[in-house]
Amino acid sequence: MVLPSVMFVAGAALLQVQPALPARAAYAWLAVALVVLAVLRCRPLVAGTLSRLATCAIAALLGFFWAGSSARDGLADELPFAWEGRDVHVVATIARLPQPFDRGLRLELDIERCGVSATAIHPG
């Protein structure tokens, strides 16, 4: 059980050294590989070392997939590109007190509604 756990972490670490997140289509191929390995592992003729190798490969692919999907979820919290350079009007309630950090203060808000004004901001 230790080796598959190490392989899961290795799969997640492999994603960390990639220059960019894989495209969504790559996750479909990853799912196909997982199914093939799972079927291979469950075959009665596959035993011993080959079964353990398939288990480790499944764990590594799952680690890679988990890290990639977590990263995509984290990157999903961004403003639309069309909003860039525009005033964003926000109506919100302060959820927590301001928290200082190196470059200023961080304020957590509970957003009630938001929208973009029609006028663009010209960076100066």
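Colleague: How does the radius of gyration of the chain stand against that of a compact globule of 124 residues?

Modeller: The rule to compare with is 2.2 Å times the number of residues to the power 0.38. For a compact globule of 124 residues this lies near 14 Å, whereas the chain in this predicted model has 22 Å. The box filled by its C-alpha atoms, taken along the principal axes, is roughly 65 × 30 × 30 Å.

Colleague: Which pattern of helices and strands does the chain follow along the sequence?

Modeller: The order is α-α-α-β-β-β-β, with 3 helices and 4 strands in the chain.

Colleague: What share of the residues counts as buried?

Modeller: The cut-off for buried is under 20% relative accessible area. Of the 124 residues, 18% count as buried. The accessible surface of the chain comes to about 9,600 Å², and carbon and sulfur atoms account for 65% of that area.

Colleague: Is C42 buried or exposed?

Modeller: A residue is called exposed when its relative accessible area is over 50%. C42 has 65%, so it is exposed. C42 belongs to helix α2, which covers residues 24-42. From C42 to F64 there are 22 residues along the chain, and their C-alpha atoms are separated by 22 Å.

Colleague: What percentage of contacts between residues at least 6 apart in sequence joins residues at least 24 apart?

Modeller: Contact here means heavy atoms within 4.5 Å. Of the contacts in question, 62% join residues at least 24 apart.

Colleague: How far apart are the mean positions of the positive and negative charges?

Modeller: The chain has 10 positive and 9 negative charges, and their mean positions are 15 Å apart.

Terms used: Residues numbered from 1 in each chain as written. Predicted model: local features only at pLDDT ≥ 70, side-chain atom pairs only at ≥ 80, totals over all residues. Heavy atoms only, no water. Helix = DSSP H or I, 4+ residues; strand = E, 2+ residues; numbered from the N terminus. Buried < 20%, exposed > 50% of the residue type's maximum accessible area, 1.4 Å probe, protein only. Areas by Shrake-Rupley, 256 points an atom, 1.4 Å probe, with all protein chains shown as cover. Lys, Arg positive; Asp, Glu negative; His and termini not counted. Charge placed at Lys NZ, Arg CZ, Asp CG, Glu CD.
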